[in-house]
Amino acid sequence: MMGRTSLAAAALLVLAACAALPARTAANKISINWKPNTNYTDWVKQHSPFYKDDWLVFYYTAGQADVVLVDETGYNKCDASNAIYNYSKGRNFAFQLNETKTYYFICSYGYCFGGMRLAIKTEKLPPPSAPPSASHKSAAVAAAFARSHAAVIYAAVAVLAALLRMA
């Protein structure tokens, strides 16, 4: 009997440790397959929202594309002559969105007019949601915990079940 009590206590300890894990990290890595004939307006809609401190990682074919950070005018005209930053080495480029603003990226190899341009509007990470009312607090906390830590909870329950079978 003591063994089962210890196992239950260990399971509760694992669940408590999981509760301390953040539901979302401050920075996300967002991969972009940077290539011609891609509708990046649709891509932005599918991958939004973008937050301050997220990272964009552009993957492209060396010698066939570049990543140019421009202002809004450069973006609208596909003009890299007043580039803020231009990266054309290697096959990938990582860029941190370190301000809350709109970033404009184009390819200066002639593909911009075909849609190879990207406008990313960043925003501040939203504050944590308000605490639920007292009557729904425990159910809401349990549901939020389960959503954000489902894989860990599943693993903990599987380990606990295996340990109980051995006892």
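**Close-up 1. Strands E7 and E8 pair in the antiparallel sense.** In this predicted model, five bridges link E7 to E8. One of the bridged pairs is Phe-105 with Leu-118, the latter in E8. E7 covers residues 102–106 and E8 covers residues 117–123. Four of the five E7 residues are buried, so the strand is largely enclosed by the rest of the structure.

**Close-up 2. E7 also pairs with E4.** This pairing is antiparallel too and runs over three bridges. Val-68 has Ile-106 of E7 as its bridge partner. E4 spans residues 67–70.

**Close-up 3. The largest nonpolar core holds 22 residues.** Which of its members touch the most others? They are Trp-34, Trp-43, Leu-56, Phe-58, Phe-105 and Leu-118. Helix H2 (40–47) and strands E1 (29–33), E3 (55–59), E4 (67–70), E6 (92–96), E7 (102–106) and E8 (117–123) each give two or more residues to this core. H2 gives the most, with three residues. Nonpolar side chains tend to be buried together in soluble globular proteins. Phe-105 and Leu-118, listed here among the core members with the most contacts, are also the bridge partners of the E7–E8 pairing.

**Close-up 4. Surroundings of Trp-43.** Leaving aside residues up to four places away in sequence, Trp-43 touches Ile-30, Ser-31, Ile-32, Phe-50, Leu-118 and Ile-120. Among these contacts, Leu-118 is itself one of the core residues that touch the most other members.

**Close-up 5. Another core lies apart from the one around Trp-43.** This core has seven residues. Among them are Val-70, Cys-78, Tyr-104 and Cys-112.

**Close-up 6. One salt bridge is counted in the model.** Its partners are Lys-52 and Asp-53. Their closest N and O atoms are 3.5 Å apart. Side chains of opposite charge can pair when their charged atoms come close. Is Lys-52 buried or partly exposed? Lys-52 is partly exposed, at 33% relative accessible area. Asp-53 is likewise partly exposed, at 26%.

**Close-up 7. Residues 102–120, a span annotated in UniProt.** The unreviewed UniProt entry marks residues 102–120 as "transmembrane region", along with residues 141–164. In the model, residues 102–120 are 0% helix and 47% strand. The end C-alpha atoms of this span lie 5 Å apart. E7 runs over residues 102–106, and E8 starts at residue 117. These two strands form the antiparallel pairing of the opening view.

Note on methods:
Residues are numbered from 1 along each chain as its sequence is written. This is a predicted model: local features need pLDDT of at least 70, side-chain atom pairs count only at pLDDT 80 or more; totals for chains, interfaces and linings use all residues. Side-chain values use heavy atoms; hydrogens and water are left out. A salt bridge is a side-chain nitrogen of Lys or Arg within 4 Å of a carboxyl oxygen of Asp or Glu. Buried means under 20% relative accessible area, exposed over 50%, partly exposed in between (1.4 Å probe, protein chains only). A nonpolar core is a set of buried Ala, Val, Leu, Ile, Met, Phe, Trp, Tyr and Cys residues joined through side-chain atoms within 4.5 Å. Contact means heavy atoms within 4.5 Å. Two strands pair if DSSP finds at least two bridges between them. UniProt positions are given in the numbering used here, feature names are shortened, and annotations may be inferred rather than shown by experiment.
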